[in-house]
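Here is a short walk through one protein model, helix by helix and residue by residue. Keep the structure open while you read.

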Amino acid sequence: MSSKQSKRSNTDDIDVILNDFGRNLSGVSSVMLYGMAMIVSCVPLWLYWRIHLMDPVDNAIVWGVMSVLSAVLIAKAYTNTKHVVKHRVAQKIEKSITREINAEFAEKSISKKEKDDRTHWKKNEVAESQSVSFSLFYNNIIFLCLIIVFSFFVLKNFTPFYNYIGTVASSAGILYLLSTSSK
């Protein structure tokens, strides 16, 4: 009976580790990333409304479709970048988190497994938070720089309608492509 419990405990531990470092997002993270992606994908609308003088009423359908398409690609880029960065951050902070947990529970008598669980949980929480912040910052900077480059330099001779479509599609696509690299 105890060998079955031991195997079940090991399987549960492995499942927890895989869930912590898997590509699955929690509900809150998913809503936050997709919400931020929608906000960032709507930023070029001001550029095309005020500088390129596109009428919002006439172009509402195209703006809506392209904003949603770019928001999906940007959110996927956020997720890809977060996943890669989370492992790096977790490796770098492991010693300091372990030191912090050991100092916190130095006088308390808790088992080594309990300390390891708390260390793992804290390391995962800090790595998640830092990787999401970095992913948002990094991807937003790249997307907005690509918007400026495509809008004012690469596609400057196109009409505003085609300039918008090409700029937003190219910027979101390149951002997603860059986020798929493993380094």
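## Starting in a loop: His52

Let's begin with His52, which sits in the loop between helix H2 (27–51) and H3. One thing to keep in mind throughout is that this is a predicted model. Is His52 buried or exposed? His52 counts as buried, because its relative accessibility is 17% and the cut-off for buried is under 20%.

What does His52 touch, leaving aside its neighbours within four places in sequence? The list is Leu47, Ser151, Phe152, Pro160 and Asn163. With Ser151 there is also a polar contact, side chain to side chain, at 2.8 Å. Phe152 is worth a look too: His52 and Phe152 are 100 residues apart in sequence, yet their C-alpha atoms are 9.9 Å apart in space.

## The overall layout

Stepping back, the protein has five helices and zero strands. Read from the N terminus on, the elements simply go α-α-α-α-α.

Of the 183 residues in the protein, 36% are buried. As for how the chain meets itself, take the contacts between residues at least 6 apart in sequence: 82% of these join residues at least 24 apart.

## H3 against H4

Any helix pair can be summed up in two numbers, since two packed helices are described by the angle between their axes and the distance between the axes. For helix H3 (residues 60–104) and helix H4 (residues 112–154), the angle is about 140 degrees and the axes are 5 Å apart. That makes H3 oblique to H4, because only angles over 145 degrees count as roughly antiparallel. The handedness of this crossing is right-handed. Sorted by type, the residues of the H3 contact with H4 come out as 16 nonpolar, ten polar and nine charged.

Lys82 belongs to helix H3. Is this lysine buried or exposed? Lys82 is buried, as its relative accessible area is 4%, and buried means under 20%. Measuring along the chain, Lys82 and Val132 are 50 residues apart, while in space their C-alpha atoms are 5.5 Å apart.

## H3 against H5

Now turn to H3 and H5. Their axes come within 8 Å and cross at roughly 15 degrees. So H3 is roughly parallel to H5, because the angle falls under 35 degrees. In this pair the crossing is left-handed.

Which residues meet here? On the H3 side they include Trp63, Met66, Leu73, Ile74 and Ala77, and on the H5 side they include Phe161, Tyr164, Ile165, Val168 and Tyr176. By type, the contact of H3 with H5 has 14 nonpolar residues, six polar and one charged.

Val72 is another residue located in helix H3. Val72 counts as partly exposed, because its relative accessibility is 34%. The C-alpha atoms of Val72 and Ala172 are separated by 8.9 Å, although the two residues lie 100 apart along the chain.

## The end of H5: Ser179

Helix H5 covers residues 160–179, and Ser179 is part of it. With a relative accessible area of 7%, Ser179 is buried. What does Ser179 touch, not counting residues up to four places away in sequence? The partners are Lys76, Ala77, Asn80 and Thr81, and these four are among the H3 residues that meet H5.

The side chain of Ser179 also has a backbone partner: it reaches the backbone oxygen of Tyr176 at 2.7 Å.

## H4 against H5

The last pair is H4 and H5. Here the axes come within 9 Å and cross at roughly 145 degrees, and the crossing is right-handed. From H4, the contact is made by Asn139, Ile142, Phe143, Leu146, Ile147, Phe150 and Ser151. The H5 side includes Asn163, Thr167, Val168, Ala172, Leu175 and Leu178.

Which types of residue make up this contact? The contact of H4 with H5 divides into ten nonpolar, six polar and no charged residues. Two of its members bring us back to the start, as Ser151 and Asn163 are also among the residues in contact with His52.

Terms used: Residues numbered from 1 in each chain as written. Predicted model: local features only at pLDDT ≥ 70, side-chain atom pairs only at ≥ 80, totals over all residues. Heavy atoms only, no water. Buried < 20%, exposed > 50% of the residue type's maximum accessible area, 1.4 Å probe, protein only. Polar contact = N/O pair within 3.5 Å; in protein donor to acceptor, adjacent residues only side chain to side chain. Contact = heavy atoms within 4.5 Å. Axes fitted to C-alpha atoms, helices over the stretch in contact; angles between N-to-C directions. Parallel < 35°, antiparallel > 145°, perpendicular 65-115°, else oblique. Left-handed = near helix turned anticlockwise from the far one by under 90°. Nonpolar A, V, L, I, M, F, W, Y, C, P; charged D, E, K, R; others polar.
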